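Here's a quick tour of this fold, from the overall contact pattern down to a single side chain. Have the coordinates open while you read.

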Amino acid sequence: GADVLTLNTFGANKNKLSKFGFGSKVREINTASVKLARECVREDTLIAGSVGPIGKIPYSSGIKDDDIIDMLVEHITALKDAKTDFIIFETLPSLKDAEFAIRAINNIKGIPYVLSFAVSREGESSKGESLQKLMHSFVSVDYKPTAIGLNCGVGPEGMLSALELLIPICNYPIIAQPNVGSPRNIDNRTIYMTSPEYFT
């Protein structure tokens with residue numbers, strides 16, 4: 001019954017796949033993901049190609065910013081060629097990662113995209129950058145996002161706080177995808193405080 005299905009391609013880029021010996025299979029893995037999703041949904045269901053940050057890169061690797069853009073372009077192109085309906089850049093932790101995503105998609109164009117940030121309840125990135133600063137990342141580009149999102153973060157209540165900060169400064173449709181938050185240790189038990197009812 002879902003209107004949109006997000007693919008499990010968040011980490012299907014060359015950098016992350018190389019750690020498992022699959023760096024040469026970016027296109028194959030992303031294509032398979034789109035194919036499997038299409039087999040599971042109605043004809044009018046939209047397929048969102050998930051693209052996450054490139055992942056940790058050792059300082060000694062010699063990988064430059066342009067190399068990161070190339071890896072993102074490879075990932076996005078594989079999803080686009082496999083006929084995903086739009087790209088969602090998920091869990092963007094910083095302005096730098098947002099800029100990488102924007103540069104990559106602006107090298108391709110021809111497919112709608114969403115920028116979805118991971119922020120604190122105060123609306124700040126992992127680097128302490130404000131939502132205003134994150135929103136400014138795409139002001140000057142020609143090929144702008146279709147929607148802006150928040151995902152992961154610190155659970156539904158924390159995301160609501162961040163959304164209340166985002167809504168007044170955002171002229172785009174907003175997507176909210178919280179996770180269940182962080183677990184707490186109560187009487188030596190690790191418990192997630194978000195029940196299904198509360199999450200709903």
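Let's begin with how the chain contacts itself: among contacts between residues at least 6 apart in sequence, 74% join residues at least 24 apart. Keep in mind that this is a predicted model. The secondary structure comes to seven helices and eight strands.

On overall dimensions, the radius of gyration is 17 Å, which agrees with the value near 16 Å that a compact globule of 200 residues would have. Here are the whole-protein numbers in one place:

| Property | Value |
|---|---|
| C-alpha box along the principal axes | roughly 45 × 40 × 40 Å |
| Residues that count as buried | 42% of 200 residues |
| Exposed area | about 11100 Å² |
| Share of the exposed area from carbon and sulfur atoms | 54% |

Now for the inside. The largest nonpolar core has 43 residues, and I87, F89, L115, F117 and L150 have the most contacts within it. Its largest share, eight residues, is supplied by helix 4, which runs over residues 95-108. There's also a second, separate core of five residues, with A48, I88, V114 and A147 among them.

F117 is a handy place to zoom in. Leaving aside residues up to four places away in sequence, F117 touches L92, A98, L134, I148, G149, L150 and N151. One of those partners, A98, is itself a buried residue of helix 4.

So what does helix 4 look like in terms of length and cover? Its 14 residues reach 20 Å from first C-alpha to last, close to the 20 Å expected at 1.5 Å a residue. The helix is mostly covered, with ten of the 14 residues buried. The buried set isn't purely hydrocarbon: D97 and N106 are in it, alongside residues including L95, F100, I102 and I105. The cover over these buried residues includes helix 3 (65-81), strand 3 (86-92), strand 4 (113-117) and helix 5 (131-135). Just past the end of helix 4, K109 takes a positive phi of about 60 degrees.

Last stop: T194, in the loop between strand 8 (189-191) and helix 7 (196-199). Is T194 buried or exposed? It counts as buried, because its relative accessibility is 16% and the cut-off for buried is under 20%. A polar atom of the T194 side chain sits 2.8 Å from the backbone oxygen of V180. V180 also appears in the contact list of T194, along with P156 and F199, again not counting residues up to four places away in sequence.

How values were computed
Residues numbered from 1 in each chain as written. Predicted model: local features only at pLDDT ≥ 70, side-chain atom pairs only at ≥ 80, totals over all residues. Heavy atoms only, no water. Core = buried A, V, L, I, M, F, W, Y, C linked by side-chain atoms within 4.5 Å. Buried < 20%, exposed > 50% of the residue type's maximum accessible area, 1.4 Å probe, protein only. Helix = DSSP H or I, 4+ residues; strand = E, 2+ residues; numbered from the N terminus. Contact = heavy atoms within 4.5 Å. Expected span 1.5 Å × (residues − 1). Rg over C-alpha atoms; globule rule 2.2 N^0.38 Å. Areas by Shrake-Rupley, 256 points an atom, 1.4 Å probe, with all protein chains shown as cover. Polar contact = N/O pair within 3.5 Å; in protein donor to acceptor, adjacent residues only side chain to side chain.
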